[in-house]
Amino acid sequence: MSESNYDVVVIGGGPAGMAAAWELRDRKMLVLEKTHRLGGRLYSMSRGDYWLNLGGHLFPAAGSHMRNILHSIGLDVIRIPGNKFAICWGGRVFAPKSVSALPLTLPMSIRERISMAAIGLRILKAVRGWQKEMQLVYGENNQTRRARVARYMADISFRDFIGRPPKRVEALFQSAARRAAAEMEDQNAGVGVSLFGAVWSGKGDSMALNLNGGSGRLGEVMMELLGDRVRYNATVRSVERAGDKIAVVYEIDGAEHKVSASQVIVAIPAYQAAEIVRDIPDDVRATLNKVQYGPFPTMGIITDETGPMPYDEIYAITTPDASFDMFFNHANPLRTGPRKPGGSLMVYSGGSPAKEMLKLSDDEIRDRYLTDVLKMFPELKGHIKETVVQRWVPGNTYRPAGFNFDPMLTYCERTDVDIHFAGDYFAEIGNMEIATGSAHEAARRARVRLMNNIRKSPSLQAVVDGENGLPAAKIG
Ligand SMILES: Cc1cc2nc3c(=O)[nH]c(=O)nc-3n(C[C@H](O)[C@H](O)[C@H](O)COP(=O)(O)OP(=O)(O)OC[C@H]3O[C@@H](n4cnc5c(N)ncnc54)[C@H](O)[C@@H]3O)c2cc1C
């Protein structure tokens, strides 16, 4: 086993790992990533004028951690002009100009209409409360704010909040809730409300942005920029203290390797982190093991139509009657000038249907999804050029009612630890912004620890201070 020593080892090359690595790039740093690429659950592939999307795609607003990273590496977002709350109802697609018009637009019985309007109003009120919680309170750091937001309506399930509406209305809200990769019963009301808040935010560019070229561009550019500081196909097996260092054991092609580091940032899903990290308090391990994830089977579709399609002005459609829960038109942000031929679509299911879908082979998943896509849009017959099925396990993380994340937050406040955690599970529902934000916090804590170690060593401190005839330098 070869062994080298690093300031920082980052485990995982998803948004959290990339953010931590980018922030600590001035250090002697190594990223260990299980797959052949960076990006994690952000994944797209270039296809001519379009991109085939398989994972996360909605990017956060200006001023966010993610946007700052994109800016610093020369990538930018594009606005999604199309409708984001369209619904396929009784075989027809409805895309009203405002969310509030939905109960009036959809053909339904009076009972269904009253129920839908009542639930809609209740969600709208709760969304206002959630938006208020999201605002930064003066003097509060981001982590405290996130913890406060995560406590919003966290004690009851989204099902308890919605109640028992008529069957078709229930199916619609269940489908929408599955964007959290969970059934209404399994996610807390704050999670469900935040899903609607993100889509209904309306003003500004919040949650209505794609990465130009596809979300996979972030990982691709990071692969170039980080170069040989990333080891691919490297599955970390254990992280444990060894004297004043942390030993990290990983495997590539069945061969075991070991590196040591002063600081380790663990940026992989929570239950996987609990499996590999040996030296953490019991309550932190228990919390990591309790974080919930649901799967997301997705399918990207490249089409080759030559003329307009009925969904050209739409970005997202909730599809309660289909084998998938959501339909996305990834070409919508590009439909600004004359319409180019072809297009890019994506469908996915969450919650219980996703678990059932994953029991099937890729070909069976493709056939089921395609049958329903063609039922919705028969105009696509003969125009399916390429399909790619992706199985995301884990797909997304969500908090159930009554979940307590405090032991992890208390651990994060400690100034005497060298193993740090980051990932999308730091929020009530997983998203790229909390992944990068929690990584920023973890990187900051690792940097402080590194600086403290330098202060303890008079000879190293002299280098930092520019003594001994050397210019002031970073220890890397
Ligand atoms: C279909 C889908 C749609 C989504 N849509 C959106 C969206 O529109 N907007 C949004 O903000 N978010 C969205 N998300 C969620 C978003 O993608 C995640 O929140 C984000 O990717 C989490 O980042 P992460 O770094 O915490 O984890 P990941 O992205 O899961 O990255 C973890 C990385 O760690 C690696 N790894 C795991 N174990 C090990 C190990 N033992 N050793 C080495 N490496 C390891 C993995 O290979 C992976 O690369 C979506 C997710 C999916 C699946």
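Me: Which residues lie nearest the centre of the second largest pocket, and how many residues line the pocket?

Reply: This is a predicted model, and in it V99, S100, L102, F196 and W200 lie nearest the centre. The lining has 26 residues, and the pocket's volume is about 570 Å³.

Me: How do you know which residues count as lining the second largest pocket?

Reply: The cut-off is an atom within 4 Å of a pocket point, and 26 residues line this one.

Me: Which helices supply at least two residues of that lining?

Reply: α3 (102–105), α4 (110–134), α7 (167–177) and α8 (189–200) each do. With 8 residues, α4 gives the most.

Me: What makes up the lining by residue class?

Reply: You get 17 nonpolar, 5 polar and 4 charged residues. Trp and Phe count as nonpolar while Ser counts as polar, so of the residues nearest the centre, F196 and W200 go in the nonpolar group and S100 in the polar one.

Me: On to the helix pair. Why are α11 and α14 called oblique to each other?

Reply: Helix α11 (residues 282–290) and helix α14 (residues 406–413) pack at an angle of about 130°. Roughly perpendicular covers 65 to 115 degrees and roughly antiparallel starts over 145, so this pair falls in neither and is oblique. The axes are 8 Å apart, and α11 passes α14 in a left-handed crossing.

Me: Which residues make the contact between α11 and α14?

Reply: D283, V284, T287 and L288 come from α11, and P407, M408 and Y411 from α14. By class, that contact has 5 nonpolar, 1 polar and 1 charged residues.

Notes. Residues are numbered from 1 along each chain as its sequence is written. This is a predicted model: local features need pLDDT of at least 70, side-chain atom pairs count only at pLDDT 80 or more; totals for chains, interfaces and linings use all residues. Side-chain values use heavy atoms; hydrogens and water are left out. On a 1 Å grid over the protein atoms alone, a cavity is a set of points where a 1.4 Å probe fits but cannot get out, and a pocket is an open set with protein on both sides within 12 Å along at least five of seven lines; lining residues have an atom within 4 Å of a point. Grid points are joined across faces, edges and corners, and a volume is the space filled by probe spheres set on the points. Helices (H or I, at least four residues) and strands (E, at least two) are DSSP runs, numbered from the N terminus. Axes are lines fitted to C-alpha atoms, for helices over the stretch in contact, and angles run from 0 to 180 degrees between N-to-C directions. Angles under 35 degrees count as roughly parallel, over 145 as roughly antiparallel, 65 to 115 as roughly perpendicular and the rest as oblique. A crossing is left-handed if the near helix is turned anticlockwise from the far one by less than a right angle, and right-handed if clockwise. Contact means heavy atoms within 4.5 Å.
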